[in-house]
Amino acid sequence: MCPHRTLSRSFATLSLSLTSLAAGSLQGRVRILEKNGHAREGLDHCVAILEPVNAPRPKLPTPPPVRIKTVGKRFMPRVAITTPGGEVAFPNMDHILHNVFSVTPGNAFDTGHYQPGESPKARARQPGLVKLYCNVHHMMNAFLWIVETPWAAVLDGRKGVAFENVPAGTYRLRLWHPETGEQSWAVTIGAGATTGEWSLQVNQPLLEMHKNKFGKDYPPEGDGTNY
Ligand SMILES: [Cu+2]
């Protein structure tokens, strides 16, 4: 084979791999707009997920163990993120019985009642949003996002999105909050910083109407029948 031709072919290979390795970042402010149009202070419970559309599919990191505690009849944190196969533990820090269940298709589970100090576990299966409830306490509600991308974050304490080391390509930016639901935007990322601004509109109640694990209304709390 002609040596010149071999050389030009290897240059072509090199420039192709450099292009696909060119990584950039996505940065920008996120706002949650109240029903009156004012921007909310803080982004607590807001989730940002960046998914490749026409871009290299990154290798998923090993899911870190997620802990959602029950403290003072609340789930803490209220919003968590993991990847398929990830384990989620529910340590009970209260002095009363709790339960965690979900009827979300693809991720339904039920821990049964668990005692103070116990920590039942569930495993993340299908990607998507999993709604978590306690069968004892109607007000207890949490959300688990199961994602297939390394670029996902709960925005508590942040001003917006900041994803680093994102290979060039096209992506879908998904933003979600319990009181706004989800919105998504197409985003093209090149080398360097890609910036933007995104807003979500509050249109849902703080606590979604929901039934207990039997599909029935919750009995009034405190009558003991649920324990
Ligand atoms: Cu409970």
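**Entry 1: Ala23 and its partner**

I began with Ala23 and looked across to strand 14, where Pro167 stands opposite. I keep in mind that this is a predicted model. Then I checked the strands themselves: strand 1 covers residues 23-33, strand 14 covers residues 160-167, and the two run antiparallel. I noted 6 bridges joining strand 1 to strand 14.

**Entry 2: strand 17**

Next I looked up Gly24. Which residue is its bridge partner in strand 17? I found Gly192 there. Strand 17 spans residues 192-201 and runs parallel to strand 1, with 10 bridges joining the two. A reminder to myself: strands of a sheet pair through backbone hydrogen bonds, and they do so either parallel or antiparallel.

**Entry 3: the sheet they make**

I put these strands in order and got 14-1-17, an open sheet of 3 strands. I wrote down its pairing as mixed. Which strands are at the edges? They are strand 14 and strand 17, and each of them pairs on one side only. I also looked up the twist: ignoring direction, neighbouring strands of this sheet are turned by 20 degrees against each other on average.

**Entry 4: a hairpin**

Then I moved on to strand 15, residues 169-177, and strand 16, residues 181-189. I see them pairing in the antiparallel sense, over 9 bridges. How many residues lie between the two strands of this hairpin? I noted 3 residues between strand 15 and strand 16. For one pair to find on screen, I picked Arg172, whose bridge partner in strand 16 is Ala186.

Definitions and conventions
Residues numbered from 1 in each chain as written. Predicted model: local features only at pLDDT ≥ 70, side-chain atom pairs only at ≥ 80, totals over all residues. Pairing = 2+ DSSP bridges. Helix = DSSP H or I, 4+ residues; strand = E, 2+ residues; numbered from the N terminus. Axes fitted to C-alpha atoms, helices over the stretch in contact; angles between N-to-C directions.
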